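User: Can you walk me through this one? I'd like to start with how the parts fit together, then move on to the ligand.

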Amino acid sequence: MAGVTVKDLSKKYHINGRIIEALSGVNLSIGDGSFITVVGRSGCGKTTLLRILCGLEEKTAGEIVFNCNGGYSGEKIKAGIVFQEPRLMPWLTVEQNMAFSLMKNDDRHLVKTRVYEHLDMLGLTAFKDAYPSQISGGMAQRVALGRTLCYDPDLILMDEPLGALDAFNRRKLQNELVEIFLKSGKTIVFVTHDVDEAVYMGQKVVVMDKGKVMDETLIDMPYPRQVTSKEFFEMREEILCTILKEPEYR
Ligand SMILES: Nc1ncnc2c1ncn2[C@@H]1O[C@H](COP(=O)(O)OP(=O)(O)O)[C@@H](O)[C@H]1O
Ligand SMILES: [Mg+2]
C-alpha cells in the first residue's frame, strides 16, 4: 500500500515557443489506503497530475514523496493507471489482455491464479476467450481495470475511466470499484469531471482549476452512498458551488 504527498508540484509544457502551465504549485496529501476523487473541468491538469504520479511524465518542479506502509520510501512505488479508453490489445483475448502486465513473470501458475481470480471478481470468466471486438464497452473497461489490478499496484490511478459508459454500466462499475477498494485497501486516485461521481465514490474530493488545487472536501458518508439523501445532495451542492465560484461561470 502507499500514500503520497505532493509538494508544490509544477509542470510546464512548451509548444512552439509558448509555455503552458499545466500544473502550478499543487499541494496534495493522498492518505495510504484512501480513495481520492479529483474533479475539474477539461484542461485543468488532472491527466497531467496522474501521468506525473505514475512516472509517465517528468515534473518541472516540486516534490512527490511516497509513503509505504506508514513508513517513508525513497523508492518509486508500484503505480498502475487506467485510462479513459480501455486500450486493450485487439489481437489478445480478454484473459491474455489481463495477463499482459504479468508477461515477464515466470511463475505461470501464479499468473493464471491471479488472472482467474480477477476474471471472476469482475464477472468476465465467461468471456475470457473473447477478443476486445467481441465485448461491450463496459466489459472492455472492466478488462482494463482487471489488467491493472492483476499488476497488483500499491497506487491505482484512474483517468475518467467510466466517462464513455452508459448510466447503468457506470453506476454498476462505480459500485464495483468501491467494493474493490473496501476489500483491497488499495490507495485509489480517481479523476472525473462529474461531481456526482466524485461524491459517490471519494473519501476526499479534490477540486482543481487552472492547474491548481482549489478545494478539498472530506466525505465521511458510509458506502454504499445514497444519492437521494439530504447529506449527499448538500455535499454535491457545496462542491458545485466551489467550482461555480469561478468568474467564468457567473
Ligand atoms: N503533452 C502535452 N503537451 C503540451 N501541452 C499539454 C500536453 N498535455 C497536456 N497539455 C496541456 O496542459 C493542460 C492540462 O491538460 P490535462 O492535464 O490533459 O487536463 P485535464 O486532464 O484536466 O483535461 C492543457 O492546457 C493541455 O492542453
Ligand atoms: Mg484529462
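**Domains, ligand and backbone**

Analyst: This is a predicted model. Domain 1 and domain 2 bury about 1000 Å² between them, with 66% of it on carbon and sulfur atoms.

User: Where do the domains run?

Analyst: Domain 1 is made of 1–77 + 155–167 + 189–250. Domain 2 covers 79–152.

User: How many residues are in contact across the two domains?

Analyst: Domain 1 puts 14 residues in contact with 12 residues of domain 2.

User: And how far apart are the C-alpha centres of the two domains?

Analyst: They lie 26 Å apart.

User: OK, ligand now. Which residues surround ligand 1?

Analyst: Y13, I15, I20 and A22 are among them. So are R41, S42, G43, C44, G45, K46, T47 and T48.

User: How does that shell divide into nonpolar, polar and charged?

Analyst: Five residues are nonpolar, five are polar and two are charged.

User: What lies 2.6 Å from an oxygen atom of ligand 1?

Analyst: A polar backbone atom of G43. G45 also contributes through its backbone: an N or O atom there is 3.1 Å from a ligand 1 oxygen atom.

User: Which residue has a polar side-chain atom 2.9 Å from a ligand oxygen?

Analyst: That is K46, and the partner is an oxygen atom of ligand 1.

User: How much of the ligand's accessible area does the protein cover?

Analyst: On its own, ligand 1 has 560 Å² of accessible area, and the protein covers 64% of that.

User: Which elements give two or more residues to the shell?

Analyst: Those are β1 (2–15), β2 (18–30) and α1 (46–53). The largest share comes from α1, with three residues.

User: Switching to backbone geometry. Where is there a cis peptide bond?

Analyst: A cis peptide bond joins Y223 and P224, with omega at about -10 degrees.

User: Which loop is P224 found in?

Analyst: P224 sits in the loop between β10 (212–218) and α7 (230–244).

User: Last one. Which residue other than glycine has a positive phi?

Analyst: D8 has one, with phi near 45 degrees. D8 is in strand β1, an element that also gives residues to the shell around ligand 1.

Technical notes
Residues are numbered from 1 along each chain as its sequence is written. Chains are lettered from A and ligands numbered from 1 in the order in which they are written. This is a predicted model: local features need pLDDT of at least 70, side-chain atom pairs count only at pLDDT 80 or more; totals for chains, interfaces and linings use all residues. Side-chain values use heavy atoms; hydrogens and water are left out. A residue is near a molecule or strand if one of its heavy atoms lies within 4 Å of it. A polar contact is a pair of N or O atoms within 3.5 Å; within protein, one must be able to donate a hydrogen and the other to accept it, and residues adjacent in sequence count only if both atoms are side-chain atoms. Accessible areas come from the Shrake-Rupley method with a 1.4 Å probe; for residues, only the protein chains shown count as cover. Helices (H or I, at least four residues) and strands (E, at least two) are DSSP runs, numbered from the N terminus. Ala, Val, Leu, Ile, Met, Phe, Trp, Tyr, Cys and Pro count as nonpolar, Asp, Glu, Lys and Arg as charged, and the others, Gly among them, as polar. Domain bounds come from an automatic or database domain assignment. Contact means heavy atoms within 4.5 Å. Buried area is the accessible area (1.4 Å probe) that two parts lose on being put together, summed over both.
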